[in-house]
Amino acid sequence: MHSIPIRTWLCDCVLLHIATPLEMCKWRSGTLRSEHDGNRGQIDHWLGIPGNMGDVQDLTGDGGVLKTIVKHAKGETVLPSDNLPLVDVHYEGVLAESGEVFDTTHEDNTIFSFEIGKGTVIKAWDVALRTMKVGEVAKITCKPEYAYGSAGSPPDIPPNATLIFEVELVACRPRKGSTIGSVSDEKARLEELKKQREIAAAHKEEEKKRREEAKAAAAARVQAKLEAKKGQGRGKGKGK
């Protein structure tokens, strides 16, 4: 029975673990995972095992980048790869210490695009986005060494800040050589996503309006009861 290599890249070192098909089955069932807890996030990703909703995955093995799936991707979806290195994301970033939002794409419903592995974003994003599928939403906790380090990013991010991002992977695309059809499909997908977000925002606004109307109606009823009681009190006083 042939052994097959499982490679995981951690802290700029290469860990090589040789596993037989039987060991692979044991890993998938969880039997072997306790021996490699520090590496299981990367190994699970390499094997194509999705994380469970709410489970914390240590993607770097040192606690530097933690991932928690908030919403799974639907169906058979793609991941970023060497052939699909350009990614489009929605995100919101907060300071772990204070919970203060320092950056978001949700206010103006914009999409942030970048190429994975080019160093144009913080290290944590390069690590985490590689493990995400299109349509997935995840919370990414980034220690300073995988974010902005001791320098921070003034004025919004102080030195040695741990950051928490909620990221949605909207799409991943090839760098170049796309066919007209694939570009058109991607544009149509983004337009549909935009429409869905606009509908959701309108629904949220409608719900808010209904709550305000219900609150005002309840206040009016309370005021009417108070006025009625006052009227009854004045009537009794006159009778005496």
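In which helix does L190 lie? L190 lies in helix α4, and the close-up views below, all taken from a predicted model, begin with this residue.

**View 1. Surroundings of L190 in helix α4.**
L190 is partly exposed, and its relative accessible area is 24%. Apart from neighbours within four places in sequence, the residues in contact with L190 are D88, I111 and V170. For V170, which is 20 residues away along the chain, the C-alpha atom is separated from that of L190 by 7.9 Å. D88 appears again in View 5, where the side chain of D88 meets that of R173 in a salt bridge.

**View 2. The aromatic pair Y91 and F165.**
The count of aromatic pairs in the model comes to eight. In one of them, Y91 and F165 are arranged edge-to-face, with 6.3 Å from centre to centre and 65 degrees between the planes. The angle counts as edge-to-face because it is over 60 degrees. Y91 belongs to strand β5 (residues 86–95) and F165 to strand β9 (residues 163–173), so this pair links distant parts of the chain, 74 residues apart. Y91 and F165 are both buried.

**View 3. The aromatic pair W125 and F165, and the cluster around it.**
F165 also pairs with W125: the ring centres are 5.2 Å apart and the planes stand at 80 degrees, so this pair too is edge-to-face. Because W125 sits in helix α3 (residues 123–129) and F165 in strand β9, the pair ties together parts that are 40 residues apart in sequence. W125 is buried at a relative accessible area of 5%, and F165 is buried at 4%. Both residues belong to one aromatic cluster formed by Y91, F102, F112, F114, W125 and F165.

**View 4. The salt bridge between E136 and K67.**
The structure holds five salt bridges. In the one shown here, the side chains of E136 and K67 meet at 2.9 Å, N to O. E136 is in the loop between α3 and β8 (137–142), while K67 is in strand β4 (residues 65–71); the pair links distant parts of the chain, 69 residues apart. Are E136 and K67 buried or exposed? E136 is buried, with a relative accessible area of 4%, and K67 is buried as well, with 2%.

**View 5. The salt bridge between R173 and D88.**
The side chains of R173 and D88 meet at 2.9 Å, N to O. R173 lies in strand β9 and D88 in strand β5, so the salt bridge ties together parts that are 85 residues apart in sequence. R173 is partly exposed, with a relative accessible area of 24%, whereas D88 is buried, with 3%. D88 is also one of the residues in contact with L190.

**View 6. The salt bridge between E115 and R175.**
Here the distance from N to O is 2.6 Å. E115 lies in strand β7 (residues 112–115) and R175 in the loop between β9 and α4 (180–239), so the two side chains tie together parts that are 60 residues apart in sequence. E115 is buried, with a relative accessible area of 16%. R175 counts as partly exposed, at 45% relative accessibility.

**View 7. A network of salt bridges.**
The residues linked in this network are E206, E207 and R210.

Notes: Residues numbered from 1 in each chain as written. Predicted model: local features only at pLDDT ≥ 70, side-chain atom pairs only at ≥ 80, totals over all residues. Heavy atoms only, no water. Phe/Tyr/Trp six-rings, centres within 6.5 Å; stacked < 30°, edge-to-face > 60°. Helix = DSSP H or I, 4+ residues; strand = E, 2+ residues; numbered from the N terminus. Buried < 20%, exposed > 50% of the residue type's maximum accessible area, 1.4 Å probe, protein only. Salt bridge = Lys/Arg side-chain N within 4 Å of Asp/Glu carboxyl O. Contact = heavy atoms within 4.5 Å.
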